[in-house]
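Trainee: Could you walk me through reading a few features of a model, step by step?
Mentor: Gladly; let us look together.

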Amino acid sequence: MTNVNLDNFSSAALAGSEYVLAPLPYADNALEPVISANTLSFHYGKHHKAYVDNLNKLVAGTEFAGQSLEEIIIATAGQADKAPIFNNAAQVWNHMFYWHSLSPNGGGEPSGALKEKIEAAFGSVDACKKEFATAALTQFGSGWAWLALDGDKITIAKTGNAGSPLTKNLRPLLTIDVWEHAYYLDYQNRRPDYVSAILDKLINWDFATANLG
Ligand code: MN
């Protein structure tokens, strides 16, 4: 896991011209009790896998076959006739990014350059975490909350459905999946409890640091 960052992890999704379900960076019970093995096995083995399978079907024989996920996401964003390809490519990317945004040894505090950048932008780590949680809670319906770099400044963003910060000139550092399938088996409608447990116990500040570039 220590070698995982934005510059190399997405290549794990592509084998030749076929998209593959990249391995989880931990066992499916490793995030318990915050995220159960039951939730993780459905979320990864059914939802994430379905996006991979759908993407392979959608791009077969098209100009997009064999392109990186990032290339597809940028090329298809905002085009109604390409929405199914965008949605599945972005969901494959977002889920890979989400798995690495969590760690069995996560939570705690960021350090070093990341901590300095967070304090410069938000005043304190706690203020940053609070804004991250607010984005996750106020994303109406399905979507994602993000910690990201806007130029050299750390910011918080949220995207609906399969939305990707890559289309907004933001460099993602961390994400939280707030689709109901991410938490409903464990938390039912209590999205706030899911979000605060992730930020307290699983969020992977080391991954965010690696993504600073
Ligand atoms: Mn999901």
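**The metal site and a helix face**

Mentor: In sequence, the donor residues of the manganese ion follow the spacing H-x51-H-x81-D-x3-H. Donors here are N, O and S atoms within 2.8 Å of the metal (3.2 Å for Na, K and Ca); water is not among the atoms, so sites may look incomplete. H95 sits in helix α3 and H181 in the loop between β5 (171–177) and α6 (184–187), so this pair ties together parts 86 residues apart in sequence. Helices (H or I, at least four residues) and strands (E, at least two) are DSSP runs, numbered from the N terminus. This is a predicted model: local features need pLDDT of at least 70, side-chain atom pairs count only at pLDDT 80 or more, and totals for chains, interfaces and linings use all residues. Residues are numbered from 1 along each chain as its sequence is written, and side-chain values use heavy atoms, with hydrogens and water left out.

Trainee: Which protein atoms are the donors of the manganese ion?

Mentor: They are H43 (NE2), H95 (NE2), D177 (OD) and H181 (NE2), lying 2.0 to 2.1 Å from the ion.

Trainee: Is H95 buried or exposed?

Mentor: Buried means under 20% relative accessible area, exposed over 50%, partly exposed in between (1.4 Å probe, protein chains only). H95 has 0% relative accessibility, so H95 counts as buried.

Trainee: Where do the buried residues of α5 fall, seen down its axis?

Mentor: An α-helix has 3.6 residues a turn, so residues three or four places apart point the same way. In α5, the buried residues include V125, C128, K129 and F132. The buried residues of α5 fall within an arc of 155° (taken from the directions from the helix axis to the C-beta atoms), so they line one face of the helix. The face turned away from that side carries the exposed D126 and K130.
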